[in-house]
Amino acid sequence: MIPFEVLLAFLAASALITIAPGPDNLMVLSVGISRGRTAGIGFGLGCALGCFVHTLWATLGIGAVVLASEETFTTLKMAGAAYLVYIGIQAWRHAGKMAMIQLDPAAAEPLSVHLRRGFIANVVNPKVALFFIAFLPQFADPTRGAVWPQLLLLGALFAALTVAIFGTLGWFAGSVGARLQKKPVLAVWLDRCAGAIFFLLALHLATSGR
């Protein structure tokens, strides 16, 4: 339904967008370095899975309808900022936990916890919803048939690519973090830095426009 050359162009653009520095990348890196591979991979995959939700919203037109309301956009934006603050507070409260995990692996949080955090952080971010609404239609063509299957396919490809990139990013960040976390004092400050990054991202989201 979609020409091969169009799919290649879409995948190339999607890869560049995903790799480019942005809030999701910073979150995955900070979580991976401060909490290890499991946390980094889990959070990265959670963010990637959130892309499937935004794809569905864009395909069904729900995202455009919801974000057309200034009140709804602001509410969703503040909810996203509040959740980032929550994650930041958790990082500060449990600063140095990775060092304890190395001594007692049973103390590690399961993959599902980080997966859920990354998923929620992505889904409640209206900026991501706006991106999908603006980006996906550029590669869809009504002359090729119904638009919604094209949007669904493009969004699924974008999300799948994000799974690979963010999963890899989380793995490498966790590998670096595992080495840095061998010093307990450094482990505490890594967690605090991660928390500070989430606070700054929350502030940026809360004060940004559309």
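This report covers the overall fold, one aromatic cluster and one buried acidic residue.

## Overall fold

The model is predicted. The protein has 10 helices and zero strands. From the N terminus on, the elements read α-α-α-α-α-α-α-α-α-α.

Of the 210 residues in the protein, 44% are buried. Among contacts with a separation of 6 or more, 86% are between residues 24 or more positions apart. The exposed surface comes to about 10200 Å². Carbon and sulfur atoms supply 74% of that area.

## Aromatic pairs

Searching the whole structure gives 11 aromatic pairs. One of them is formed by F131 and F158. Their ring centres are 5.7 Å apart. Their planes meet at 50°, so the pair is tilted; the tilted class excludes planes under 30 degrees apart and those over 60.

This pair links distant parts of the chain. F131 sits in helix α8, residues 126-135. F158 sits in helix α9, residues 147-180. The two are 27 residues apart.

Burial differs between the partners. F158 has a relative accessible area of 5%, so F158 is buried. F131 has 25% relative accessibility and therefore counts as partly exposed. The cut-off for buried is under 20%.

Both rings belong to a cluster. Ring pairs link F10, F131, F132, F135, F139 and F158 into that cluster.

## Helix α8

Which residues of α8 are buried? They are P126, V128, A129, F132 and F135. Two of these names, F132 and F135, also appear in the ring cluster. An α-helix has 3.6 residues a turn, so residues three or four places apart point the same way.

The start of α8 has a contact from side chain to backbone. There, a side-chain oxygen of N125 comes to within 2.9 Å of the backbone nitrogen of K127.

## D24: a buried acid

D24 lies in helix α2, residues 23-35. D24 is buried yet has no salt bridge. How far away is the nearest side chain of opposite charge? That side chain is K127, at 13 Å. A salt bridge would need a side-chain nitrogen of Lys or Arg within 4 Å of a carboxyl oxygen.

D24 does have a polar partner. The side chains of D24 and N122 share a polar contact of 3.2 Å. Leaving aside residues up to four places away in sequence, D24 touches C47, N122 and F166. N122 is thus listed both as a polar partner and as a contact of D24.

Terms used: Residues numbered from 1 in each chain as written. Predicted model: local features only at pLDDT ≥ 70, side-chain atom pairs only at ≥ 80, totals over all residues. Heavy atoms only, no water. Phe/Tyr/Trp six-rings, centres within 6.5 Å; stacked < 30°, edge-to-face > 60°. Helix = DSSP H or I, 4+ residues; strand = E, 2+ residues; numbered from the N terminus. Buried < 20%, exposed > 50% of the residue type's maximum accessible area, 1.4 Å probe, protein only. Polar contact = N/O pair within 3.5 Å; in protein donor to acceptor, adjacent residues only side chain to side chain. Lys, Arg positive; Asp, Glu negative; His and termini not counted. Contact = heavy atoms within 4.5 Å. Areas by Shrake-Rupley, 256 points an atom, 1.4 Å probe, with all protein chains shown as cover.
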